[in-house]
Amino acid sequence: MNGNSSRKLPFFLILLSLLLFLAGLNLGEAAFVWERAVQICLSCIGIG
Amino acid sequence: MEVLRRWVQALATVLSNGYVMFPFTKTIYQGRLKAFCVPGLNCYSCPAAAGACPIGALQNFFAFLQVGWRQGTYLTGFYVIGFLGLLGGFVGRMPCAWLCPFGLLQELLYRIPSPKKEIPPFLSWGKYGFLLFFVILFPLFLLDEFGYGITWFCKFVCPAGTLEAGLPLMGLQPGLRELAGALFSLKVSILVAVVAAAVIVRRPFCRVVCPLGAFYSLFNRGSLFRMAYHPDRCIHCGACSRNCPMGVAPYLGPNGKDCIRCLKCVYQSCPAGALSWECAGLKGGGRPSEEKVGEVPQVAHGDQLQAGAVQGFPGKGGGQ
């Protein structure tokens, strides 16, 4: 990996991640996370 | 720097678990903040948890993916993957060192006086197996008769869930105790094993099991924040590796999969300024401290080289 590509890679990763994050928000995934996170997860505590 | 890191770790632990009303409500926080993921491994069923665990959330997306697609809802986990990717793209695995409550717990346990051991390096690939199988493939493809997957890592492995959620909720809600069976015993056994291992091994869970650390580690070589090794300055004393909370040898590759960017090697260990960091034009470390240089001559140079050879130093001109 040369110097130029190593400098571009972080920005590419950050941009890609930002797009994924915004796409997830647009699809309503934050609400899904909330729905799951406000219920006691029986699996997590070892009885589900 | 270590003092600062401890304070940041403590603050992150408090903020991730900021719901102080749980002793009165006897249940978990249900406010809007739970729509946001926290950067570290912190069970969202912990009575004090103020945010969502990214690994738990990700498994839920995968477990419900096939049913969702059949119903026309296309929730694929982009929100969580993008969030983790943003953090990883900026700082790589740094959240493990600075923001993860379970990492802090392991570091504190390792301070208990006891014989200390190292783990075989190949075990550190185990966390990618847990990420691939227990977080992604099993929830996606091992489905029940209704087409739902289960959160395999949470259910069968995660000791953070047992410690932060299982045990406290058993205390708060006596009815749950009657439901505890073989699975709960298994999870408590895993927790006990991890706690015991953390007393004698540096961050064993982070190095061998943690799927969140595995995900962040994928970004270590390509993140904006990077570590740098200057072989021309290295005196091969091995202090960086000996003092590293992850047992990493930075001279073999400063941006390897297990470096959590705690910066202990840069600011506290290396007496010669052979390690530094850089981020978008900013640079830090890399200068020998007069105070630390004064400590070096206790070991003859020939002995240093010999010790370095044993620990796999590449020698001058080694890779950066």
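This passage describes the nonpolar core, the chain interface, the salt bridges and selected backbone features of a predicted model.

The largest nonpolar core of the model holds 88 residues. Those with the most contacts inside this core are Leu41(B), Val80(B), Phe153(B), Phe205(B) and Met227(B). Helix H3 of chain B, residues 54–71, gives the largest share of the core, with 6 residues. Leu41(B) illustrates the packing. Leaving aside residues up to four places away in sequence, Leu41(B) touches Cys53(B), Ile55(B), Cys100(B), Pro101(B) and Phe102(B), among others. Its further partners include Cys158(B), Ala160(B), Glu164(B) and Leu212(B). Phe205(B) is also touched by Leu41(B), and both residues are named among those with the most contacts inside the core.

The interface between the two chains was examined next. The size of an interface is often given as the accessible area lost when the parts come together. Chain B and chain A bury about 3,500 Å² between them. Carbon and sulfur atoms account for 74% of this area. In terms of contacts, 50 residues of chain B meet 32 residues of chain A. Three residues stand out on the chain B side. Phe78(B), Tyr79(B) and Leu86(B) supply 17% of the area that chain B buries against chain A, more than any other three residues.

Several helices of chain B take part in this interface. The elements that give two or more residues to the side touching chain A are H3, H4 (78–91), H8 (152–156), H9 (159–172) and H11 (182–200) of chain B. The largest share, 10 residues, comes from H4(B). H3 of chain B thus has two roles, because it is listed among these interface elements and also gives the largest share of the core. By residue type, the side of chain B that touches chain A divides into 29 nonpolar, 17 polar and 4 charged residues. The rule finds 0 salt bridges across the interface. It does find 10 residue pairs in polar contact there, both residues being at pLDDT 80 or more.Salt bridges are found elsewhere in the model. Side chains of opposite charge can pair when their charged atoms come close. Over all chains, the structure holds 9 salt bridges. Asp258(B) takes part in a group of them. With Arg93(B), Asp258(B) forms a salt bridge whose closest N and O atoms are 3.1 Å apart. Asp258(B) lies in the loop between helix H14 (239–243) and helix H15 (264–269) of chain B, and Arg93(B) in the loop between H4 and helix H5 (94–98), so the pair ties together parts that are 165 residues apart in sequence. Asp258(B) is buried, at 11% relative accessible area. Arg93(B) is buried as well, at 0%.

Lys127(B) also forms a salt bridge with Asp258(B), with the closest N and O atoms 2.7 Å apart. This pair links distant parts of the chain, 131 residues apart: Lys127(B) is in helix H7 (residues 126–141) of chain B, and Asp258(B) is in the loop between H14 and H15. Lys127(B) is buried, with a relative accessible area of 0%. Lys257(B) meets Asp258(B) in a further salt bridge, at 3.9 Å from N to O. Lys257(B) counts as partly exposed, at 21% relative accessibility. A separate line of partners was also found. Salt bridges that share partners join Glu2(B), Arg5(B), Arg6(B), Glu107(B) and Arg203(B) into one network.

Arg203(B) has a backbone feature of its own. Its phi is positive, about 40°, although Arg203(B) is not a glycine. Arg203(B) sits in the loop between H11 and helix H12 (204–208) of chain B. It is buried, with a relative accessible area of 2%. Leu263(B) likewise has a positive phi, near 70°, and is a residue other than glycine. Leu263(B) is placed in the loop between H14 and H15 of chain B, where Asp258(B) also lies. At 6% relative accessibility, Leu263(B) counts as buried.

In chain A, Asn26(A) belongs to helix H1, residues 3–26. Asn26(A) is exposed, with a relative accessible area of 71%. Asn26(A) and Arg36(A) are 10 residues apart in sequence. In space, their C-alpha atoms are 18 Å apart.

Technical notes:
Residues are numbered from 1 along each chain as its sequence is written. Chains are lettered from A and ligands numbered from 1 in the order in which they are written. Side-chain values use heavy atoms; hydrogens and water are left out. A nonpolar core is a set of buried Ala, Val, Leu, Ile, Met, Phe, Trp, Tyr and Cys residues joined through side-chain atoms within 4.5 Å. Buried means under 20% relative accessible area, exposed over 50%, partly exposed in between (1.4 Å probe, protein chains only). Helices (H or I, at least four residues) and strands (E, at least two) are DSSP runs, numbered from the N terminus. Contact means heavy atoms within 4.5 Å. Buried area is the accessible area (1.4 Å probe) that two parts lose on being put together, summed over both. A salt bridge is a side-chain nitrogen of Lys or Arg within 4 Å of a carboxyl oxygen of Asp or Glu. A polar contact is a pair of N or O atoms within 3.5 Å; within protein, one must be able to donate a hydrogen and the other to accept it, and residues adjacent in sequence count only if both atoms are side-chain atoms. Ala, Val, Leu, Ile, Met, Phe, Trp, Tyr, Cys and Pro count as nonpolar, Asp, Glu, Lys and Arg as charged, and the others, Gly among them, as polar.
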